[in-house]
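Here are a few short exercises to work through with the model open beside you. Try each task first, then follow the solution step by step.

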Amino acid sequence: MRCPYCSCENTQVRDSRPTEENQSIRRRRICEDCGGRFTTFERVQLREIIVIKRSGRRVPFDREKLSRSIEVALRKRPIQPERIERMVSGIVRQLESMGEQEVPSSVVGELVMEALKGLDPVAYVRFASVYRDFREAADFHEVLGEIAERATAGQEAGAVPAKVPATGAADRKH
Ligand SMILES: [Zn+2]
């Protein structure tokens with residue numbers, strides 16, 4: 001496995017253990033050249049999924065990218081990484097069980113919205129506001145990029161954009 005930091009191939013597995021009720025194996029790895037540490041997951045892949053972007057371009061579904069993006073939407077929210085991992089697994093299984101090899105990016109977006117709604121109302125509102133602005137014009141990965149930008153711009157968790165109708169689920173100002 002190539003090191004994500006220095007790109008050398010001199011990396012070692014330090015620890016392997018099952019996660020998600022034995023549905024995946026997590027390997028902690030260390031790079032012998034730069035000392036960088038990273039984690040890889042081994043999972044069953046039932047089928048190859050292709051995402052059709054708004055532009056019509058087809059790209060392989062990238063679980064890690066989805067996972068990182070959801071972590072950004074949930075930044076500073078009190079959600080354990082294991083729950084995020086289970087949520088991502090649930091989304092992937094739903095995509096796999098649709099029986100379609102090609103899935104529009106909007107379908108992925110809707111699944112993420114549904115999952116976030118159940119997991120964390122604040123992250124859901126944060127996500128939904130950006131998603132609704134974008135979904136007519138842009139593809140899902142652009143939406144996630146926008147969320148990342150807003151999160152980095154220092155928008156506090158729970159700060160709900162004015163144009164989003166109150167859902168009652170967003171946290172209240174005291
Ligand atoms: Zn390295």
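**Exercise 1: the open sheet**

Task: work out how the strands of the open sheet are ordered and paired.

Solution. Three strands form this open sheet, in the order 1-2-3, with antiparallel pairing; strands here are DSSP runs of E with at least two residues, numbered from the N terminus, and two of them pair if DSSP finds at least two bridges between them. Next, look at the edges: strand 1 (11-19) and strand 3 (37-43) each have a single partner strand, so one side of each has no neighbour in the sheet. On average, neighbouring strands of this sheet are turned by 25 degrees against each other, direction ignored, with axes taken as lines fitted to C-alpha atoms.

The model is a predicted one, in which local features need pLDDT of at least 70, side-chain atom pairs count only at pLDDT 80 or more, and totals for chains, interfaces and linings use all residues. Residues are numbered from 1 along each chain as its sequence is written, and side-chain values use heavy atoms, leaving out hydrogens and water.

**Exercise 2: one strand pair**

Task: how many bridges join strand 1 and strand 2?

Solution. Strand 2 covers residues 24-31, and its antiparallel pairing with strand 1 runs over eight bridges. To find your place in the pair, locate D15, which stands opposite R28 in strand 2.

**Exercise 3: the whole chain**

Task: which pattern does the protein chain follow along the sequence?

Solution. Start with the count: five helices and six strands, a helix being a DSSP run of H or I with at least four residues. Read in order, they give β-β-β-β-β-α-α-β-α-α-α.

Definitions and conventions. Axes fitted to C-alpha atoms, helices over the stretch in contact; angles between N-to-C directions.
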